[in-house]
Amino acid sequence: MAFINVQKWKNCWYRYREDFQNFEFYKNERKTALIIGNGNYKNGPLKNAVNDALDMAATLGGKGFKVILRENASRIDMRDAIREFGTEINQGGVGLFYYSGHGIQIDGVNYLIPIDADIELKAEVAEECISASSILKVMEYSNNRINVIILDACRNNPFRSFSRSDEKG
């Protein structure tokens with residue numbers, strides 16, 4: 001259950017109501033989304049990750065976003081999509097990144113796991129996965145007015161060869 005401070009909301013509404021009434025301004029702004037849904041893992045497949053990504057792509061596409069969609073992406077596919085996304089958002093506007101799939105945190109760094117990740121040792125995570133911070137950097141270096149990142153990551157460890165129990169997340 002969420003609680004809303006009504007007084008703060010009213011103050012915000014009064015301050016920005018002209019922007020809300022003139023929503024056409026935002027309608028013409030360039031909007032780009034990179035959406036990745038990974039579910040077809042050898043270890044620990046995820047039933048809904050791709051469906052969630054498809055739903056997000058349809059919703060954002062209907063809101064005027066140019067959508068770059070990758071389903072069950074390998075590391076190379078993810079890296080190429082991030083580069084394409086970076087090129088697009090460098091033109092300004094709004095950038096949105098959505099990821100649905102497995103994620104893991106190692107030594108305080110969050111990683112998105114491609115479907116072809118072959119991880120047996122904790123030390124291999126950095127070379128087999130995509131760090132969330134690399135996506136943040138691409139967005140940070142863009143000319144965008146607004147950047148949004150949504151990580152719908154299942155953080156249970158699909159790799160039995162090492163445990164996440166020593167991690168703090």
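Which residue in E3 is the bridge partner of Ile35? In this predicted model, the bridge partner of Ile35 is Tyr98 of E3. The close-up views below start from that pairing.

**View 1. Strand E1 and its enclosure.** Strand E1 spans residues 31–37, and seven of its seven residues are buried, so the strand is largely enclosed by the rest of the structure. Lys31, Ala33, Ile35 and Gly37 point to one side of E1, whereas Thr32, Leu34 and Ile36 point to the other, and all of them are buried. The buried state rests on a relative accessible area under 20%.

**View 2. E1 between its two partner strands.** E1 runs parallel to strand E3 (residues 93–106), and seven bridges join the two. Within this pairing, Ile35 has Tyr98 as its bridge partner, and Ile36 stands opposite Tyr99. E1 also pairs with strand E2 (residues 66–71), in the parallel sense and over six bridges. Here the bridge partner of Gly37 is Glu71 in E2.

**View 3. The β-α-β unit formed by E1, H3 and E2.** Helix H3 covers residues 49–62 and, together with E1 and E2, makes a right-handed β-α-β unit. The two strands of this unit are themselves paired, with six bridges in the parallel sense.

**View 4. Strand E3 and its pairing with E6.** Of the 14 residues of E3, 14 are buried, so this strand is largely enclosed by the rest of the structure. E3 pairs with E6 in the parallel sense over ten bridges. Tyr98 of E3 has Ile150 as its bridge partner in E6, while Tyr98 is also the bridge partner of Ile35 in E1.

**View 5. The hairpin of E3 and E4.** E3 and E4 pair in the antiparallel sense, over four bridges. One facing pair is Ile104 and Tyr111, the latter in E4. The two strands form a hairpin with two residues between them, and Asp107 in the turn has a positive phi of about 50 degrees.

**View 6. The largest nonpolar core.** This core holds 25 residues, among which Leu34 and Phe97 touch the most other members. The elements that give two or more residues to the core are E1, helix H4 (75–89), E3, strand E4 (109–112) and helix H6 (132–140). H4 gives the most, with five residues. Leu34 is one of the buried residues of E1, on the side of the strand shared with Thr32 and Ile36.

**View 7. A nonpolar patch on the surface.** Ile146, Val148 and Ile150 form a nonpolar patch on the surface, with about 180 Å² of accessible area together. Ile146 lies in strand E6, which spans residues 144–154. The relative accessible area of Ile146 is 33%, and this residue is therefore partly exposed. Ile150 of the patch is also the bridge partner of Tyr98.

**View 8. The salt bridge of Arg30 and Glu88.** The structure holds five salt bridges. In one of them, Arg30 pairs with Glu88, and the closest N and O atoms are 2.5 Å apart. The pair links distant parts of the chain, 58 residues apart: Arg30 is in the loop between helix H2 (24–27) and E1, and Glu88 is in helix H4. Arg30 is partly exposed, with a relative accessible area of 31%, whereas Glu88 counts as buried at 13% relative accessibility.

**View 9. The salt bridge of Arg70 and Glu84.** The side chains of Arg70 and Glu84 meet in a salt bridge with an N to O distance of 2.9 Å. Arg70 lies in strand E2 and Glu84 in helix H4, so the pair ties together parts that are 14 residues apart in sequence. Arg70 is partly exposed at a relative accessible area of 24%, and Glu84 counts as partly exposed at 32% relative accessibility.

**View 10. A salt bridge within helix H4, and a network.** Arg83 forms a salt bridge with Asp80, the closest N and O atoms being 3.8 Å apart. Both residues lie in helix H4, three residues apart, which is about one turn of the helix. Arg83 is exposed, with a relative accessible area of 55%, whereas Asp80 counts as partly exposed at 39% relative accessibility. Elsewhere, salt bridges that share partners join Arg30, Lys66 and Glu88 into one network.

Methods:
Residues are numbered from 1 along each chain as its sequence is written. This is a predicted model: local features need pLDDT of at least 70, side-chain atom pairs count only at pLDDT 80 or more; totals for chains, interfaces and linings use all residues. Side-chain values use heavy atoms; hydrogens and water are left out. Buried means under 20% relative accessible area, exposed over 50%, partly exposed in between (1.4 Å probe, protein chains only). Two strands pair if DSSP finds at least two bridges between them. A crossover is right-handed if, with the strands pointing away from the viewer, the path from the first strand over the helix to the second runs clockwise. Patches are made of residues with over 30% relative accessible area and no salt bridge: like charges are joined within 9 Å, nonpolar side chains (Val, Leu, Ile, Met, Phe, Trp, Tyr) within 5 Å. Accessible areas come from the Shrake-Rupley method with a 1.4 Å probe; for residues, only the protein chains shown count as cover. A salt bridge is a side-chain nitrogen of Lys or Arg within 4 Å of a carboxyl oxygen of Asp or Glu. A nonpolar core is a set of buried Ala, Val, Leu, Ile, Met, Phe, Trp, Tyr and Cys residues joined through side-chain atoms within 4.5 Å.
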